[in-house]
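User: Hi! Could you walk me through the charged pairs and the core of this protein?

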Amino acid sequence: MASVIGYTFFVIIIMMTLLLLGTTTTHGAAAPPYGYGNNNIINVIKFGAKPDGKTDSTEQFKMAWNSACTSIRPATIYVPKGRYLLKYTNFRGPCKNNKVTFIINGTLVAPYDYNELANSGGFWILFNHVDNLIVIGGNLDAQGSAFWDCRRSGKNCPVGARSMTFNWVNNLVISGITSINSQLSHIVINTCNNVTVKNVRIIAPDQSPNTDGIHVEHSKWVNITGTTIQTGDDCISIGDATFNLFMDQIKCGPGHGISIGSLAKEMEEEGVANVSLRNAIFYGSHNGMRIKSWARASKGFVRNILFQDITMFNVQNPIIIDQNYCPNNQGCPGQSSGIEISEVTYKNIHGSSATSEAVTFDCSASNPCQGIKLHDINLTYNNKPATSSCNNIRGTTSGTLVLQSCL
């Protein structure tokens with residue numbers, strides 16, 4: 001608990017400093033606020049980066065990162081206004097000073113030719129083995145439309161690239177980023193601890209394939225707040241080994257909702273626990289809150305989940321548990337899911353469903369869902385109470401229900 005309190009204080013001090021300090025100019029653009037109360041500011045322009053959106057600035061950004069990461073003082077990398085063309089970039093640590101701030105005042109642009117990222121291992125911008133990292137402001141433009149067209153055509157396409165990935169990063173703040181048209185997932189948080197994501201905006205067409213907004217896996221103590229996501233896949237997807245994830249003030253749609261899973265991809269999975277979503281709004285999304293697993297043997301689990309104070313506007317599946325997940329009916333062994341789902345609470349969920357069945361609980365025959373709670377649910381279809389369906393579930397209802405409940 002002490003470490004969590006200390007980290008919260010750390011974040012507050014940083015954000016106050018970024019707001020209050022520094023107003024001078026550098027290379028004709030507003031200079032960044034001073035990072036951790038220091039003036040060790042590293043401007044990418046000094047290393048030759050060109051803000052024209054055409055000149056490859058990858059090596060110049062790497063040089064700026066190396067300067068910041070090898071400095072014995074906390075450092076701030078500053079990206080002035082303009083468009084900067086970047087190919088695959090790995091910002092790797094650990095860093096000597098253990099404190100790096102990355103302030104983006106412009107736009108980072110991926111190559112339009114998706115083959116330029118074909119050998120990147122699935123990454124565009126990667127932060128790797130860094131502690132006490134802050135990434136603030138600016139835009140990411142992955143120019144993913146040509147890649148989506150390739151995928152739709154059935155041609156032999158590269159695997160694709162995630163826009164911004166954080167691997168093994170502890171004490172991380174991501175604030176004010178706008179990510180546009182990622183080839184695949186926009187932001188990935190993998191094997192990270194103590195993460196704050198706030199005031200992020202994610203934009204991609206509703207038919208863009210596999211463009212998850214934020215994906216979290218193998219991570220602990222992650223907070224996502226004040227975020228708006230419009231995309232072609234899950235607004236937020238939650239993978240295996242995610243614990244203590246707290247989401248608040250989320251706007252989702254279009255997209256596939258907020259999903260735990262898909263799980264049961266492997267037999268050895270650590271599960272998902274202590275996840276909450278509060279004060280969310282879903283606009284015309286395919287799903288609202290979804291828990292999904294393949295019908296396969298697995299040691300995984302989902303437990304202690306809270307969905308509270310949620311508004312739905314014309315959502316196709318506002319509440320769904322699907323333990324027979326099988327996209328395109330491919331690779332499905334026809335088994336029963338080993339994922340154990342328990343203690344999931346839906347509280348004060350209201351709004352309109354785009355289908356007559358607003359609540360679907362399709363749980364595992366061998367591991368029925370346990371402890372499912374519906375409290376104060378008001379979901380309508382064509383101004384009438386929506387219906388629900390239940391398979392292999394044990395749960396309770398309470399409060400006011402405007403829903404034809406199957407529990």
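**Salt bridges and core**

Analyst: Happy to, starting with one acidic residue in this predicted model. Aspartate 141 has a relative accessibility of 14%, and under 20% means buried, so this residue counts as buried.

User: Which side chain does aspartate 141 meet in a salt bridge?

Analyst: Aspartate 141 sits in strand E11 (residues 139-141), and its partner is in strand E6, so the pair ties together parts 58 residues apart in sequence. That partner counts as partly exposed, at 35% relative accessibility. The N to O distance is 3.3 Å, and the partner is arginine 83.

User: Is aspartate 234, which pairs with arginine 290, buried or exposed?

Analyst: The closest N and O atoms of arginine 290 and aspartate 234 are 3.0 Å apart. Arginine 290 lies in strand E23 (residues 287-294), while aspartate 234 is in the loop between strands E18 and E19. Arginine 290 has a relative accessible area of 11% and is buried. Aspartate 234, at 2% relative accessibility, also counts as buried.

User: Which residue joins Asp56 and Lys87 in a network of salt bridges?

Analyst: Aspartate 56 and lysine 87 meet in a salt bridge with an N to O distance of 3.8 Å. Aspartate 56 is in strand E4 and lysine 87 in the loop between strands E6 and E7, so this pair ties together parts 31 residues apart in sequence. The network that links these two also includes Glu116.

User: How many residues does the largest nonpolar core have?

Analyst: Trp65, Phe127, Phe166 and Tyr346 have the most contacts inside this core. Tryptophan 65 touches residues including Ile77, Phe91 and Phe127. The count for the largest nonpolar core is 93 residues.

Terms used:
Residues are numbered from 1 along each chain as its sequence is written. This is a predicted model: local features need pLDDT of at least 70, side-chain atom pairs count only at pLDDT 80 or more; totals for chains, interfaces and linings use all residues. Side-chain values use heavy atoms; hydrogens and water are left out. A nonpolar core is a set of buried Ala, Val, Leu, Ile, Met, Phe, Trp, Tyr and Cys residues joined through side-chain atoms within 4.5 Å. Buried means under 20% relative accessible area, exposed over 50%, partly exposed in between (1.4 Å probe, protein chains only). Contact means heavy atoms within 4.5 Å. A salt bridge is a side-chain nitrogen of Lys or Arg within 4 Å of a carboxyl oxygen of Asp or Glu. Helices (H or I, at least four residues) and strands (E, at least two) are DSSP runs, numbered from the N terminus. Lists of a residue's contacts leave out its neighbours within four places in sequence.
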